[in-house]
Amino acid sequence: VTRFLESLEKNEAPKFYFCISGAFSIAVCRNLKTDLLQAHNNLGGICNKKKDLKCAYEHYKALKLLSDKVGDSFMLAAAYNNLGLVAFEEAKNDFLTIRESVLGLYDRALAHNPNLIDAVYNKAS
């Protein structure tokens, strides 16, 4: 799975052969892409809970790139929100960094999904 995710990120992924014929197959392909996005989001969350910020950042960055590539604005908003959480943890009490970069990530999340309550809450905190 990791090798497949890496190849997808580099645009070298094998074609989804089962996506070629029929509407059902296309739906399966879309679900697979959604599963890959969810996997990066979940793995980033696990890393974040373990305080492995580098690992969390890598998964959220991959989530951002893949979400943008497949046009999933909801997951793109989640990626920016979660990148904001990682940046906030890394900034600690550096208020200038928080103001200049972290809040910008929450703004980007809200630009893609204005109803993302987590980003609203995180920006206000």
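This text walks through a predicted model, from one of its helices to a pocket and then to two lysines.

Start with helix α5, which covers residues 95-112. The helix has 18 residues. At 1.5 Å a residue, they should span 26 Å. The end C-alpha atoms lie 25 Å apart, so the expected and computed spans agree. The helix is not free of a bend, however: α5 turns by about 25 degrees at Val102.

Val102 is also one of the buried residues of α5. The others are Ile98, Leu105, Tyr106, Ala109 and Leu110. What do these buried residues pack against? Their partners are α4 and α6, the latter spanning residues 117-124.

Now turn to the second largest pocket. Its volume is about 180 Å³. Which helix gives the most to its lining? That is α5, with 4 residues. Both α4 and α5 supply at least two residues each. The lining includes Ile98, Val102, Leu103 and Tyr106. Val102 thus has several roles in this account: α5 bends there, the residue is buried, and it lines the pocket. Ile98 and Tyr106 are likewise buried residues of α5 that belong to the lining. Leu85, Phe88 and Glu89 line the pocket too, as do Asn48, Asn122 and Ser125. By character, the lining divides into 6 nonpolar, 3 polar and 1 charged residue.

Stay with α4, which runs over residues 73-91. Asn82 sits in this helix. Is Asn82 buried or exposed? Its relative accessible area is 11%, and buried means under 20%, so Asn82 is buried. Setting aside neighbours within four places in sequence, Asn82 is in contact with Asn41 and Tyr60. Asn41 falls within α2, residues 23-49. Tyr60 falls within α3, residues 53-70.

Helix α3 also holds Lys61. Lys61 has a relative accessibility of 34%, which lies between the 20% and 50% limits, so it counts as partly exposed. Lys61 and Gly44 are 17 residues apart in sequence. In space, their C-alpha atoms are 9.2 Å apart.

The last stop is the loop between α2 and α3, where Lys51 is found. What is the phi of Lys51? The angle is positive, about 65 degrees, although Lys51 is not a glycine. Lys51 counts as exposed because its relative accessibility is 58%, and exposed means over 50%. Lys61, by contrast, is partly exposed.

Note on methods. Residues numbered from 1 in each chain as written. Predicted model: local features only at pLDDT ≥ 70, side-chain atom pairs only at ≥ 80, totals over all residues. Heavy atoms only, no water. Buried < 20%, exposed > 50% of the residue type's maximum accessible area, 1.4 Å probe, protein only. Contact = heavy atoms within 4.5 Å. 1 Å grid on protein atoms, 1.4 Å probe; cavity = no way out; pocket = protein on both sides within 12 Å on 5 of 7 lines; lining within 4 Å. Points joined across faces, edges and corners; volume = space filled by probe spheres on them. Nonpolar A, V, L, I, M, F, W, Y, C, P; charged D, E, K, R; others polar. Expected span 1.5 Å × (residues − 1). Bend = angle between axes of the 7 residues up to and from the residue.
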